[in-house]
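Subject: A structure to look through

Dear colleague,

I am passing on the structure below, together with some notes on what was found in it. Please keep it open beside this message while you read.

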Amino acid sequence: MSAHLRQAWATRIAGGTLPSGLYFTRKSGTVRVDGITAWDREVPDPRGFPEGHLVGELTWTKDTGEIAWVAVYDDEYKRRGIATWMFARAKEIEPRLHHSTELSESGKAWSRTVATRRFEPGQVATWARTRPWDAPRADLESGVYPGIRVGQARGTEVASFEGGMVVLKDEWFGYPPGSRRAVLYHEAGHGLETAVGQGVARYFGVENPLDVIDLPGAQRFGHDYGEVVAEGYAVLWTEPSWAGSFDGGRAVLEAVRAMARDHGYPLP
Ligand SMILES: [Zn+2]
């Protein structure tokens, strides 16, 4: 690998985001094993693969859906969320996909890496496809979904946003899927609210964040400005038409939409 090519990679995949040329193909498979291969179509492969650079592979056993092998091959592509991305793609093909309880050492290391990865706003954009609200509890506990963990959430809510992670309590798992989904977007909205801080006031056109709650319609979203922003973000993703049914609702959504745009929080 030339230094020049290495530099080109480093530039292209810097910033913690997935490479823009990332895609996958199905492996031809065997009688027992099926799988996918991840490629980067924007980086030529030194081995001459016409698909582009070989990034990684994930295979599973056909009869149980248990992961047989997972690997991301080059350091430049590690810790970029590619293993998680492959897991989500494979899960669309094989819904029973799961980790073995007898993880290999590299598999354990992968689980740990994924489990400790902090919440990043860009992850929200993947949820529509990866649907963490439908995931088995074991997947959420093992950190398949970066930024989400299971534990003792703070306060009375069924989930919280703390320590840079969305934390789900036991009660969350007893909610219907639509509610689990709304709660996840709500907690992502707390990430947004935390990122904006005192700047929230400006987006609502008031002097002080504490004045937000007195704006028309604001109390339909929550009891303080943090809750208004969090719920506004959830409503944008789950039921934006609801905010059109009362005075001020749309204005709240527009303020939250603007702050999301400015702070890298995905919008539907
Ligand atoms: Zn909240």
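**What the chain contains**

The chain holds nine helices and seven strands, and please bear in mind throughout that this is a predicted model. Of the 268 residues in the chain, 36% are buried. If you take the contacts between residues at least 6 apart in sequence, 52% of them join residues at least 24 apart.

**The sheet of four strands**

One open sheet has four strands in the order E1-E2-E3-E4, and their pairing is antiparallel. Strand E1 (22-26) and strand E4 (67-72) are at the edges with a single partner strand each, so one side of each is left without a neighbour in the sheet. From one strand to the next the twist averages 20°.

E1 runs antiparallel to strand E2 (residues 33-40), and five bridges join the two; one place to look is Thr-25, which has Thr-37 in E2 as its bridge partner. E3 and E4 are likewise paired in the antiparallel sense, over five bridges, and here you can find Gly-56 standing opposite Val-72 in E4. The hairpin of E3 and E4 has five residues between the strands, and in this hairpin Gly-65 takes a positive phi near 80°. As you follow any of these strands, it may help to remember that in a regular strand the side chains alternate between the two faces of the sheet.

**The helix on that sheet**

What packs on the sheet of E1, E2, strand E3 (53-61) and E4? Helix H2 (residues 82-93) does, touching each of these four strands, and the direction of H2 makes about 50° with that of E3. Nine of the 12 residues of H2 are buried, so the helix is largely enclosed by the rest of the structure; among the buried ones are Trp-85, Met-86 and Phe-87, and also Lys-91. The length of H2 can be checked as well, because at 1.5 Å a residue its 12 residues should span 16 Å, and its end C-alpha atoms are 17 Å apart, which agrees.

**The sheet of three strands**

A further open sheet is formed by three strands in the order E5-E7-E6, with mixed pairing. Strand E5 (148-150) and strand E6 (159-162) stand at its edges, and each has a single partner strand, so one side of each is left without a neighbour in the sheet. In this sheet the twist averages 30° from one strand to the next. E6 pairs with strand E7 (residues 165-168) in the antiparallel sense over four bridges, and Glu-162 has Met-165 in E7 as its bridge partner.

Helix H6 (residues 177-196) lies across E6 and E7, running at about 25° to E6. H6 is mostly covered, since 14 of its 20 residues are buried. For H6, too, the length can be checked: at 1.5 Å a residue the 20 residues should span 28 Å, and the end C-alpha atoms are 29 Å apart, which agrees. After H6 comes Gly-197, whose phi is positive, near 60°.

**Two helices that cross**

Two packed helices are described by the angle between their axes and the distance between the axes. For helix H8 (residues 225-238) and helix H9 (residues 249-262), the axes come within 9 Å and cross at roughly 90°. H8 is therefore roughly perpendicular to H9. Where they meet, H8 contributes Val-228, Val-229, Gly-232, Tyr-233, Val-235 and Leu-236, while H9 contributes Val-252, Leu-253, Val-256, Arg-257 and Ala-260. The residues of this contact divide into nine nonpolar, one polar and one charged.

**A single residue to examine**

Is Asp-139 buried, exposed or partly exposed? Asp-139, which is found in helix H5 (residues 137-141), has 19 other C-beta atoms within 10 Å, and a residue counts as buried only at 20 or more, so Asp-139 is partly exposed. Leaving aside neighbours within four places in sequence, Asp-139 is in contact with Val-144 and Tyr-145. The C-alpha atoms of Asp-139 and His-98 are separated by 7.4 Å, although these two residues are 41 residues apart along the chain.

With best wishes

Terms used: Residues numbered from 1 in each chain as written. Predicted model: local features only at pLDDT ≥ 70, side-chain atom pairs only at ≥ 80, totals over all residues. Pairing = 2+ DSSP bridges. Axes fitted to C-alpha atoms, helices over the stretch in contact; angles between N-to-C directions. Contact = placed C-beta atoms within 7 Å. Expected span 1.5 Å × (residues − 1). Parallel < 35°, antiparallel > 145°, perpendicular 65-115°, else oblique. Nonpolar A, V, L, I, M, F, W, Y, C, P; charged D, E, K, R; others polar.
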